[in-house]
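Me: I keep running into labels like "antiparallel" and "edge-to-face". Can we go through where they come from?

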Amino acid sequence: MKKFNYSRVIWGILPVAVFLLLWEVLVRLDLIPGNFFFPSFSEVIRQFYRLTVSGILLENFLKSLIRVLIGFTAGSIAGLLVGVLMGWNQLMHRSFQPILSLLYPIPALGWLPILMLWLGIGEILPIAIIFICSFFPVLYNTLTGIRGVDKNLIKVAQTLGAGRMRLLATVVLPLALPNIFTGLRLEAGMAWRVIIAAEMVAIPTGIGALMMKAESLLRMDIIIVCLMVLAVMCFSFERLFIYLERKFTGKWRI
Amino acid sequence: MPSIELKNISNFVCRDINLKVENRELLVLLGPIGAGKTTLLNIIAGLIDYEGSVLFDGAKVDSTPAHERKVGYLFQNLLLFPHLNVESNIAYGLIARKVPPEERRKRIKQLLGFLGLESISHRYPANLSGGEKQRVALARALAPSPNIMLLDEPFSNLDYKTNKYLRMEIRRIQKELKITTIYVTHDQLEAEEMADRIAVIHEGGLEQVGLAEEIFFNPRSEAVSDFIGKPNILQCDSYRILGGGLVEVGCGGVSIVVPHHGNQVKKIAIFPKDIYVSVDAPPGPDLNRFRAVITDIITSGSLIKLKLELGENTLTSELPRDIFESLGLKSGMEVFLILKFRWIRVC
């Protein structure tokens, strides 16, 4: 049976608790200059409760969550498929690699002005941004993973009777999984960062938009509540993919 | 099981190779590192491009892709699938060749037992020792009951004892299952122990094919002679069985004790590295110890070659430069020789 690691849990929680305590004490003792713009931690928690009870936070959070889920899922699936095609087919690789090399370095938010003109400001715009944000990195990591598989293992599978499709499904893809998961893990957090930025700039609903409204009303407590939701979501999404990666590849990776 | 025939095989490494491996035969492909041994196996398995023809049982297989050639290939590196456990590694070829589940389970169980892998069947390759990995790789290659086995220096990374044990296992399995086999090695002793016949390959060309005695006693080219270490070949004019697996032979006025395998000894081969040279009389029984005269000293890189007059024979011995210098050897000097009788080859 796996032993519960108390020390790890304590060291995970303790620094955060100390930070929050310091925050609370420093604000209450008026030790931060201009603390009009710096609410105490307890004030932020009170605001969190008010926003939750009123439904404002949940409504905006769900809008952001649905955008991230649709955009990230669609972008990852598309990235995975194109990555597999490019990694497994030399002609596809030669044809699309130069285009990928040019498009991959463009940050997702760089596409925002073009997409605003093409798609207009609506529900499809943030989903398209998240799609792009997820598509290229997942594609790139899948491609790298597939092309990095030891060619000799492919030869072994061939001599054992595996045709191209079986090879792909039973050797190449499983061995590319660690790379694919790295792409998914990084982009799961990135999707949240990008959606907040997109909502702040161009979309009137969602957590990002709520932050911008709070900024115009000088409501620092609401802004911090939104930032905390963002931090928790980035962290949770990344941890989910770390868990999935361990589940699918942990048994055989050293 | 089929014979393997190679006709005018050439590619970026191999040069016009013609070779026939008979049905059920174990042919050892012997040659130095970089000679083209692995390339030739890859050609037979259909893994790389080539010109010429490969025939299995007289039928051309050049247009048959690798996954349909039904060749078992044991690679030199430990190429187990890291994401599959021992059992799944062995099952891979059976699933790929669509063996029914019931038969598959029986075959896996049989191979796990045969190679002593039952207790580790659920382990992943990362948690296996070198010897275990090799046995799993062997089981995986044998699982789909291949018609042909290709073994590429499969045990070269293992210690001598495990290497020898697994080689003997391979020989036993090959004879039992009657699989036509090509075994690649650069080790002469390994080749001699394993082979029905030996094919010597050098710089992509086939230099000589024959029985071990033919290779060692009648090397057909300078390349073969060089590779096997330019043995001193002595003609034997008399022969007396001593018992205990030994025989005393007379070669050019000198009596030498050599291993006896039951047949009359006509020639013996002594490798230059297997002749000890000493200035003082060596201790121990007076067996294969002789006085000889140095007639010539040849420097060859870090090695020194001595030409020695022993009875009516001229032998070549070689020793490292530092030992040569410490002994203070000179041309015309009388020295003592010890011939390591276990390393003398007989024909």
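Reply: Sure, let's take the labels one at a time.

This is a predicted model, where local features need pLDDT of at least 70, side-chain atom pairs count only at pLDDT 80 or more, and totals for chains, interfaces and linings use all residues. Residues are numbered from 1 along each chain as its sequence is written, chains are lettered from A and ligands numbered from 1 in the order written, and side-chain values use heavy atoms, without hydrogens and water.

Me: What makes α6(A) roughly antiparallel to α8(A)?

Reply: The axes of α6 (residues 124–147) and α8 (residues 164–201) of chain A come within 8 Å and cross at roughly 155°. Angles under 35 degrees count as roughly parallel, over 145 as roughly antiparallel, 65 to 115 as roughly perpendicular and the rest as oblique. That's why α6(A) is called roughly antiparallel to α8(A). The residues of their contact divide into 16 nonpolar, 8 polar and 1 charged (Ala, Val, Leu, Ile, Met, Phe, Trp, Tyr, Cys and Pro count as nonpolar, Asp, Glu, Lys and Arg as charged, and the others, Gly among them, as polar).

Me: Why are α8(A) and α9(A) called oblique to each other?

Reply: Their axes come within 6 Å and cross at roughly 50°. That angle falls in none of the named ranges, so α8(A) and α9(A) are oblique.

Me: And what about α9(A) and α10(A), how do they lie to each other?

Reply: The axes of α9 (residues 207–216) and α10 (residues 220–249) of chain A cross at roughly 160°, so this pair is roughly antiparallel.

Me: Where does α8(A) bend?

Reply: At Leu177(A), by about 45°, and a proline, Pro178(A), follows within four residues. The bend is the angle between axes fitted to the seven residues ending there and the seven starting there. As for span, a straight helix of 38 residues would cover 56 Å at 1.5 Å a residue, but α8(A) spans only 47 Å between its end C-alpha atoms.

Me: Why is the pair of Trp23(A) and Phe38(A) called edge-to-face?

Reply: Rings of Phe, Tyr and Trp (its six-membered ring) pair if their centres lie within 6.5 Å; planes under 30 degrees apart count as stacked, over 60 as edge-to-face and the rest as tilted. Trp23(A) and Phe38(A) are 6.0 Å apart centre to centre, with 70° between the planes, so they're an edge-to-face pair.

Conventions:
Axes fitted to C-alpha atoms, helices over the stretch in contact; angles between N-to-C directions. Helix = DSSP H or I, 4+ residues; strand = E, 2+ residues; numbered from the N terminus. Expected span 1.5 Å × (residues − 1).
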